[in-house]
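Colleague: Could you take me on a close look at one part of this model, the largest cavity, and then show me what surrounds that part? I would enjoy one connected walk through it.

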Amino acid sequence: MCQVTHKIMDSLTASTMWMIPGQNQSWVSEFILIGFSSDPTTNSILFIVFLLSYLSSVLGNGLIIMLVCLDTQLHTPMYFFLSTLSLLDMSYVTTTMPQMLVHLLAHSQTISFAGCWLQMYVFGALGMTECTFFVVMAYDRYVAICYPLRYTVILNWGLCIRLAGGSWICGLFSSLLHTFFTMSLPYCGPNRINHYFCEGPSVRSLACMDTHVIEMVDFVLSVFVVVIPISLIVASYIRIAMAILKIKSNQGRCKAFSTCASHLTVVTFFYAPASYIYMRPNSSYSPERDKQISLFYNVFTALLNPVVYSLRNKDIKRAFLKVMGHGRLAW
């Protein structure tokens, strides 16, 4: 039985390799995503759980975008940034979840080399854009609390659009470097990725050459898109904390702090696992642990954001009731 299994696996691997003319070396033409389990019953349960999580994430973030667009009272810098974050989260989770849901029920878990390249780039671009965008949201809170009377003057619409656009450009360019260097490595087998999507470190572990230089490139990129943004966010909140402590009334302090609590919660749940995945040494790579951590910051944060921002936000609740035709109850 074991010999038959090995023969089947060898034949599957061989069918996903192609030869370079004039060279005695084969290259992977597609990858196999192992996912979480090979047990059909377990996969069926996971399918239901992840389907509900995905639908909740898309509906929750989509609802925030719709409310911000429809309610003119939410046409402020804060809610512009919040709707942009929701768009990022909705796109972020859509990059990986639909394919994972298909693979949970399908017999084949293959993805082409080009498809893996594209998924890695889009996922990285959205993730790195979000890393930078959290700094923009921290700056928004800094201006709102430290300079409340000049808030709309400082954060005018022109500056808001430039800050959001700059975050997108930074994410797209950084991900291009990360994906290019990772996928330029030679992959000559095996082609089985112990993950549920094409994440850089998991794919890179299959390369048939030393990846030390690529790891250094990734580390430098991580400094720019993780360490520097975290440092700027911490600096912003130190200034915010100093401004809040100067507020005399306890009610004013609580109100100022509550406007930052949602952002701090989301930032913590996003940066902590992402920092571990992309900044830890390759020697500590653990496929099973990395899958669970990636699931946390890919799926859980996208599901968490609408809950955190809507439950703690009276304006979002009022806008929802107004759109649903219960404006009087909101007032």
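**The largest cavity and its surroundings**

Modeller: Happy to. Lining the largest cavity are 16 residues, and those nearest its centre are Gly-124, Gly-127, Met-128, Val-225 and Tyr-278. Three elements each give two or more residues to this lining: helix H5 (113–146), helix H9 (212–245) and helix H10 (250–279). Please keep in mind that this is a predicted model.

As for the space itself, the volume of the largest cavity is about 180 Å³. The structure holds 1 cavity of 30 Å³ or more. Sorted by class, the residues of the lining are 11 nonpolar, 4 polar and 1 charged.

Let's follow one of the lining helices, helix H10, a little further. Lys-255 is found in this helix. Is Lys-255 buried or exposed? Lys-255 counts as exposed because its relative accessible area is 63%, and the cut-off for that class is over 50%. From Lys-255 to Ile-244 there are 11 residues in sequence, while their C-alpha atoms are 9.6 Å apart in space.

A similar pairing brings in helix H7 (residues 157–183), where Leu-177 has its place. The relative accessibility of Leu-177 is 29%, so this residue is partly exposed. Along the chain, Leu-177 and Leu-221 are 44 residues apart, yet a distance of 8.5 Å separates their C-alpha atoms.

The UniProt record is useful here too. Its unreviewed entry annotates several stretches as "transmembrane region", among them residues 117–139, 151–177, 219–244 and 256–274. For residues 151–177, the model shows 93% helix and 0% strand, with 36 Å between the end C-alpha atoms. Another stretch under that annotation is 45–70. Residues 45–70 are 100% helix and 0% strand in the model, and their end C-alpha atoms lie 37 Å apart.

That second span leads us to Ser-53, in helix H2 (residues 40–70). With a relative accessible area of 16%, Ser-53 is buried, because the class takes in values under 20%. What does the side chain of Ser-53 meet? One of its polar atoms lies 2.9 Å from the backbone oxygen of Val-49. Beyond its neighbours within four places in sequence, Ser-53 touches Val-299 and Leu-303, in the sense that these residues are in contact. The record's "transmembrane region" annotation includes residues 294–311 as well.

For a contrast in setting, look at His-103 in helix H4 (residues 97–105). His-103 is also a buried residue, since its relative accessible area is 13% and the limit is under 20%. Setting aside neighbours within four places in sequence, the contacts of His-103 are Leu-33, Ser-108, Gln-109 and Thr-110.

Finally, let's step back to the whole protein. Its secondary structure comes to 13 helices and 5 strands. Of its 331 residues, 46% are buried. If you take the contacts between residues at least 6 apart in sequence, 77% of them join residues at least 24 apart. The contacts of Ser-53 with Val-299 and Leu-303 are a handy pair to look up in the viewer. You can then return to the cavity by finding Gly-124, Gly-127, Met-128, Val-225 and Tyr-278, the lining residues nearest its centre.

Key
Residues numbered from 1 in each chain as written. Predicted model: local features only at pLDDT ≥ 70, side-chain atom pairs only at ≥ 80, totals over all residues. Heavy atoms only, no water. 1 Å grid on protein atoms, 1.4 Å probe; cavity = no way out; pocket = protein on both sides within 12 Å on 5 of 7 lines; lining within 4 Å. Points joined across faces, edges and corners; volume = space filled by probe spheres on them. Helix = DSSP H or I, 4+ residues; strand = E, 2+ residues; numbered from the N terminus. Nonpolar A, V, L, I, M, F, W, Y, C, P; charged D, E, K, R; others polar. Buried < 20%, exposed > 50% of the residue type's maximum accessible area, 1.4 Å probe, protein only. Polar contact = N/O pair within 3.5 Å; in protein donor to acceptor, adjacent residues only side chain to side chain. Contact = heavy atoms within 4.5 Å. UniProt positions renumbered as here; feature names shortened; annotations may be inferred.
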